[in-house]
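Q: Got a minute to go through this model with me? I'd like to start with the open spaces and then look at a few residues.

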Amino acid sequence: MPEEVDEFLGSLSENALLALPWLFEFWALPHQLPPRGDWKTWVIMGGRGAGKTRAGAEWVRAEVEGARPGDPGRSRRVALVGETVDQVREVMVLGESGIVACSPLDRRPVWHAGRAQLVWPNGAVAQVFSAHEPEAMRGPQFDAAWADELGKWKKGGEAWDQLQFALRLGKSPRCVVTTTPRNVAVLKAILKNPSTVITHAPTEANRAHLAESFLAEVQSRYGGTRIGRQELEGVLVEDDDGALWTAAMVEQAQAVTRPEFSRVVVAVDPPVTSTKQSDECGIVVVGADTRGDPKDWRAVVLEDASVKGATPEGWARAALAAMERHGADRLVAEVNQGGDLVERVVRMIDPQVPFRAVHATRSKMLRAEPVAALYEQGRVAHVRGLQVLEEQMCQMAATGWRGKGSPDRLDALVWALTELMVNPAGKVGRPTVRSL
């Protein structure tokens, strides 16, 4: 409350007010403060502009500064590692959120360019290293380290290993990692280590310190995409080994030119039960241009209208509403679990709806393979806002489904694209198919 803030500030002495801008704990966002407990590595994972650099710089300050300018801190030898020496200098050391800018005058370290070192008044020293030259970390030893944008390091595994060997001074040497998440082995291994703690924040968390025009532009361009999940939400988007769809394939789908449609279908993968704990009802809308030579057909995934915990009437109404929104010409529904009940539920609401019931006789993976091939050929585009569906896609591997629960959204997508592009006659891997 503003009144409480005014009362607090009014209670401070002049010296306390002068010191307040340098007390990061007072101003920091939750993800910028070190977690409590005994940890070896703290990973700050966030979107662009989420305040990761400031958090790293302030952590280094807290490590090396003592109670007074000349007093020793917890650490005296610090490694600063970035993608290149220039990036360490310009971002971590001398940048607007770097160590020098964050330090009060009586504790401000001096940059020695010739030695690539930062030296504090109390004698603490930070040495700069490039992740491109991991061997340079052989020999030196440290009691603290800050690794920035580790997800971008070309020699990430080797550089990280050398840094760990160098962290051997003091009672409990520690490292902070500030990075936008990337699907790289070294970062995933660090995150799985029991001695690692993690804080996370999206770009939006730091909006008070970002230009509104920047936020509006990046949200407009990347909101609702997988790259937005990574770069704006700070979420690690992984590919499973042997996945039928990869992040690169999904990103390509978001860039594919969208055609005019000759057909639009809504596909439904109904749940077995209709409780709040039941699987979702996958409902996916796809449009396609199926004129001319089949090899020239193109499709667009228009909406993921899936619902969870709905009654049969609830999901049927959701599917029919999606048909109306997009002017779909057919509803396709898997009937393995519900049999004729699926059709009866739909026709109770709309007796005249064009309906095709499909019965799967092959595994989910085998049904998905020809659809994944359409993506490899660049023949399917995605609108934005399909993140949950896209995450399910990337968890379907050649050995089967690797996600939790059932891939209901993915199943609905497969049925829709099979209907439109793979086998428009309805003969899908010899399943029982009937037109009504």
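Q: Which helices each supply at least two residues of the lining of the largest pocket?
A: Those are α3 (24-27), α4 (52-64) and α5 (85-93). Keep in mind that this is a predicted model.

Q: And which helix gives the most to that lining?
A: That's α5, with four residues.

Q: What volume does the largest pocket have?
A: About 660 Å³. The lining has 27 residues, and the closest to the pocket's centre are Gly-51, Lys-52, Thr-53, Arg-54 and Ser-97.

Q: How do the lining residues of the largest pocket divide by class?
A: There are seven nonpolar, 11 polar and nine charged residues in that lining.

Q: OK, closed spaces now. How many cavities of 30 Å³ or more does a search of the whole structure find?
A: Two. The second largest cavity holds about 30 Å³ of space.

Q: Which residues line the second largest cavity?
A: Glu-65, Gly-66, Arg-68 and Pro-69 are part of the lining, and so are Arg-107, Trp-120, Pro-121 and Asn-122. By class, that's three nonpolar, two polar and three charged.

Q: How does one spot empty space like that, in general?
A: You roll a probe the size of a water molecule over the atoms, and that shows where empty space is left.

Q: Switching to helix packing. At what angle do the axes of α14 and α16 cross?
A: Roughly 60°, and the axes come within 9 Å. For reference, α14 covers residues 364-376 and α16 covers residues 408-422.

Q: Why is α14 called oblique to α16?
A: Because roughly perpendicular begins at 65 degrees and roughly parallel means under 35, the crossing angle makes α14 oblique to α16.

Q: Left-handed or right-handed, that crossing of α14 and α16?
A: Left-handed.

Q: Backbone next. What's with the phi of Ala-116?
A: Phi of Ala-116 is near 55°, which is a positive value in a residue other than glycine. Ala-116 sits in the loop between β3 (110-112) and β4 (117-119).

Q: Is Ala-116 buried or exposed?
A: Buried: Ala-116 has 18% relative accessibility, and the cut-off for buried is under 20%.

Q: What about the phi of Glu-149?
A: Near 50°, so Glu-149 also has a positive value in a residue other than glycine. You'll find Glu-149 in the loop between β6 (144-148) and α7 (156-166).

Q: And why does Glu-149 count as buried?
A: Because its relative accessibility is 18%, and under 20% is what buried takes.

Q: Let's do some contacts. Where is Val-358?
A: Val-358 is in strand β14 (residues 355-359). Val-358 is buried, with a relative accessible area of 3%.

Q: How far apart in space are Val-358 and Glu-334?
A: They're 4.8 Å apart, C-alpha to C-alpha, with their positions 24 residues apart in sequence.

Q: One last residue, Val-237. Where is that found?
A: In the loop between α10 (226-231) and α11 (247-255). Val-237 is buried too, with a relative accessible area of 11%.

Q: What separates the C-alpha atoms of Val-237 and Glu-391?
A: A distance of 8.1 Å, though the two residues are 154 residues apart along the chain.

Terms used
Residues are numbered from 1 along each chain as its sequence is written. This is a predicted model: local features need pLDDT of at least 70, side-chain atom pairs count only at pLDDT 80 or more; totals for chains, interfaces and linings use all residues. Side-chain values use heavy atoms; hydrogens and water are left out. On a 1 Å grid over the protein atoms alone, a cavity is a set of points where a 1.4 Å probe fits but cannot get out, and a pocket is an open set with protein on both sides within 12 Å along at least five of seven lines; lining residues have an atom within 4 Å of a point. Grid points are joined across faces, edges and corners, and a volume is the space filled by probe spheres set on the points. Ala, Val, Leu, Ile, Met, Phe, Trp, Tyr, Cys and Pro count as nonpolar, Asp, Glu, Lys and Arg as charged, and the others, Gly among them, as polar. Buried means under 20% relative accessible area, exposed over 50%, partly exposed in between (1.4 Å probe, protein chains only). Axes are lines fitted to C-alpha atoms, for helices over the stretch in contact, and angles run from 0 to 180 degrees between N-to-C directions. Angles under 35 degrees count as roughly parallel, over 145 as roughly antiparallel, 65 to 115 as roughly perpendicular and the rest as oblique. A crossing is left-handed if the near helix is turned anticlockwise from the far one by less than a right angle, and right-handed if clockwise.
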